[in-house]
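Reader: I would like a close look at one part of this model, residue by residue. Please give the cut-off behind each term as you use it.

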Amino acid sequence: MNINRIDVTQTDKVSGIGAVNRINPVPSIFDSQSQEIEKKSTIYNEQTKVEQTKLDEQIKKLNESIASSGKELRFKYNDEAHQLYVEVLNSDTKEVLNSLPPEFLIDLSLKMKEIVGMFFDKKI
């Protein structure tokens, strides 16, 4: 982000109004801060991608180790409840055999939070 400085020191002799001369953009302190934030964001995104790759590899190894039982695991995240849960699937049919924690408990916790929200204005 560049901020242009305006020089109004010269006065037009006919109108008496200050003339505006544009001078080269003045470097802003925000430029260095925004560049630093962008750099940190890039580093964080790279770390997140590496961590995601490692997690995917671990899940793949785990599924390979339980493949003989005819089951596989699928990890999911519920955005509303901000909670991670695991589904146990039948490897052949991909049917959900079990969910840990069970989905009804996740739904129940969301409803309880909603009810508590009726009594309180702010989340503490």
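Leaving aside its neighbours within four places in sequence, which residues is Ser99 in contact with?

Author: Once neighbours within four places in sequence are set aside, Ser99 is in contact with Tyr85, Val86 and Glu87; contact means heavy atoms within 4.5 Å. The model is predicted: local features need pLDDT of at least 70, side-chain atom pairs count only at pLDDT 80 or more, and totals for chains, interfaces and linings use all residues. Numbering starts from 1 along each chain as its sequence is written, and side-chain values use heavy atoms, with hydrogens and water left out.

Some context for the chain comes before the detail. The secondary structure amounts to 2 helices and 5 strands, where helices (H or I, at least four residues) and strands (E, at least two) are DSSP runs numbered from the N terminus. Read from the N terminus, the order of elements is β-β-α-β-β-β-α. Of the 124 residues, 12% are buried; buried means under 20% relative accessible area, exposed over 50%, and partly exposed in between, for a 1.4 Å probe and protein chains only. Among contacts between residues at least 6 apart in sequence, 12% join residues at least 24 apart.

Ser99 belongs to strand 5. With a relative accessibility of 8%, Ser99 is classed as buried. One of its contacts also appears in the strand pairing: Glu87 has Ser99 as its bridge partner in strand 5. Strand 4 and strand 5 run antiparallel and are joined by 4 bridges; two strands pair if DSSP finds at least two bridges between them. A polar atom of the Ser99 side chain also lies 3.1 Å from the backbone oxygen of Pro101. That is a polar contact, a pair of N or O atoms within 3.5 Å; within protein, one must be able to donate a hydrogen and the other to accept it, and residues adjacent in sequence count only if both atoms are side-chain atoms.

Pro101 sits in the loop that runs from strand 5 (96-100) to helix 2. The peptide bond leading into Pro101 from Leu100 is cis, its omega being near -10°. Most peptide bonds are trans, and most residues other than glycine have a negative phi.

Two residues have a phi of the opposite sign. On one side of strand 4, Lys94 occupies the loop between strand 4 and strand 5. The hairpin of these two strands has 5 residues between them, and there Lys94 has a positive phi near 60°. Lys94 is partly exposed, at 44% relative accessible area. His82 lies in the loop between strand 3 and strand 4, in a hairpin with 4 residues between the strands. The phi of His82 is near 55°, which is positive although the residue is not glycine. His82 is exposed, at a relative accessible area of 58%.

The pairing that this second hairpin connects is also antiparallel: strand 3 (residues 71-78) and strand 4 (residues 83-90) share 8 bridges. Lys71 has Asn90 as its bridge partner, and Lys76 stands opposite Tyr85. Tyr85 is one of the residues in contact with Ser99. Tyr85 is also among the contacts of Asn78, which are Gln83, Tyr85 and Ile106 when neighbours within four places in sequence are left out.

Asn78 is a residue of strand 3 and is buried, at 17% relative accessibility. A polar atom of the Asn78 side chain lies 2.9 Å from the backbone nitrogen of Glu80. The Asn78 side chain also reaches the backbone nitrogen of Ala81, at 3.1 Å.

Helix 2 (residues 103-119) includes Val116. Val116 is partly exposed, with 44% relative accessible area. Together with Ile115, Met118, Phe119 and Phe120, Val116 makes a nonpolar surface patch of about 580 Å². Patches are made of residues with over 30% relative accessible area and no salt bridge, like charges being joined within 9 Å and nonpolar side chains (Val, Leu, Ile, Met, Phe, Trp, Tyr) within 5 Å. A salt bridge is a side-chain nitrogen of Lys or Arg within 4 Å of a carboxyl oxygen of Asp or Glu. For the chain, the accessible surface is about 10,800 Å², and 57% of it belongs to carbon and sulfur atoms; accessible areas come from the Shrake-Rupley method with a 1.4 Å probe, and for residues only the protein chains shown count as cover.
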